Amino acid sequence: MKPKIEDVAKLAGVSPTTVSRVMNNRGYISSETKDKVQKAMNELNYFPNDVARSLFNKRSNIIGLILPTTANPFFGELTYHIESISASLGYKVLLCNSLNQMDKEEKYLEMLLRNQVDGIIVGTHNRGILDYHKQGLAVVAIDRYLSETIPVVSSDNYEGGKKATDLLIANGCKCIVLIDGAGELETPARLRRRAYIDLMEKHGRAPIIYEIPEVFNQESQQAVVRKMFSKCPEVDGVFATNDLFAAAVINEARNYSKDIPGDVKVIGYDGTETVRILMPGLSTIKQPIPQIGKTAMDILMKEIEGEFADIPLETKLPVELLRGNTV
């Protein structure tokens, strides 16, 4: 039979109210009393009922995290930092991999609301699946525009796109191609493309863009890269808007007898630890992933406390050019 709070109180020689106050850290309680209660809980193998505590505190101490897929190194690393920060603040994370499918996002959102999460961090593409604020819920978006009232945290995507394109131009590339996801998506990340187009036009060159329709599908990535090499054999520079796209370019280049960086120079975007370990020579634009996670959590915590007035609607964090041997 599971031990009850009354059993802990009896063994510790205190009242059940005192045990509850110790567990919820409410009011002044001496260190001696806290130690006796904790010792009794350990002896009885007693664990507090989180559901009951959440009803008492009017908080679930749970946040939802909806992302496309943690199989992607950027989202995997971001999840690690958000979970670590959440744990340090006493929060658990319910993780949802949506694969950018609207029906899955709707079901995940319904599940999070049923679990009465205190807030949600969203990193998915789909907009308008629900007016989150009608639910009275704290929400922060990462690199996504969800509505005019939901704050967004991202890297400085335009500056990152500018640094990448500038590097290729400065290294003598004449035919620079952009490898990107679908162009109709309205996201801060689209500013990487905008910067590329602006610089190409500034230098009197026509932008050349190849879009990958299924951004998380390796076969889709490879098919588009093969198409690029076939249709645009004169390419000598590629700006890939994430590191996995850049990896696909480098891998396919071998099949077309293209030397990297002799024949084609390549730069990516993200700079995750995983890719830097597997491809240490890749030139890339490094996103400040730990800072993105921390900033999103800081904003979410303010919203959970009801502080909406002074929260910036868009936060852009600085990027860093990592120069490798692919440019």
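This passage walks through selected features of a predicted model, moving from a β-α-β unit and its neighbouring helix to an open sheet and one arginine.

Strand 1 is a convenient place to begin. Strand 1 (residues 62-67) and strand 2 (residues 92-97) run parallel and are joined by six bridges. Within this pairing, Ile63 has Val93 of strand 2 standing opposite. Helix 5 (residues 73-88) belongs to the same arrangement: together with strand 1 and strand 2, helix 5 makes a right-handed β-α-β unit.

Helix 6 (residues 102-114) comes next. Its 13 residues reach 18 Å from the first C-alpha to the last, close to the 18 Å expected at 1.5 Å a residue. The buried residues of helix 6 are Glu105, Leu109 and Leu112. Seen down the helix axis, these buried residues fall within an arc of 60°, so they line one face of helix 6. In general, an α-helix has 3.6 residues a turn, so residues three or four places apart point the same way. The buried residues of helix 6 pack against strand 1, strand 2 and strand 3 (119-122), whereas the face turned away from the buried side carries the exposed residues Lys107 and Arg114. Helix 6 is followed by Gln116, a residue with a positive phi, near 50°.

Attention now turns to the open sheet. This sheet has six strands in the order 7-6-8-9-10-12, and its pairing is mixed. Strand 7 (208-211) and strand 12 (320-322) stand at the edges with a single partner strand each, so one side of each is left without a neighbour in the sheet. From one strand to the next, the twist averages 20°. At the strand 7 edge, strand 6 (residues 176-180) runs parallel to strand 7, and four bridges join the two. Asp180 has Glu211 in strand 7 as its bridge partner. Helix 10 (residues 243-255) packs on the sheet, where it touches strand 6, strand 8 (237-240), strand 9 (265-270) and strand 10 (283-286). The direction of helix 10 makes about 155° with that of strand 9.

Finally, Arg194 deserves a look of its own. Arg194 lies in helix 8 (residues 190-202) and is partly exposed, with a relative accessible area of 37%. Beyond its neighbours within four places in sequence, Arg194 is in contact with Tyr158 and Glu201. Although Gly161 and Arg194 are 33 residues apart in sequence, their C-alpha atoms are 7.7 Å apart in space.

Terms used. Residues are numbered from 1 along each chain as its sequence is written. This is a predicted model: local features need pLDDT of at least 70, side-chain atom pairs count only at pLDDT 80 or more; totals for chains, interfaces and linings use all residues. Side-chain values use heavy atoms; hydrogens and water are left out. Two strands pair if DSSP finds at least two bridges between them. A crossover is right-handed if, with the strands pointing away from the viewer, the path from the first strand over the helix to the second runs clockwise. The expected span of a helix is 1.5 Å times one less than its number of residues. Buried means under 20% relative accessible area, exposed over 50%, partly exposed in between (1.4 Å probe, protein chains only). The arc is that of the directions from the helix axis to the C-beta atoms. Contact means heavy atoms within 4.5 Å. Axes are lines fitted to C-alpha atoms, for helices over the stretch in contact, and angles run from 0 to 180 degrees between N-to-C directions.
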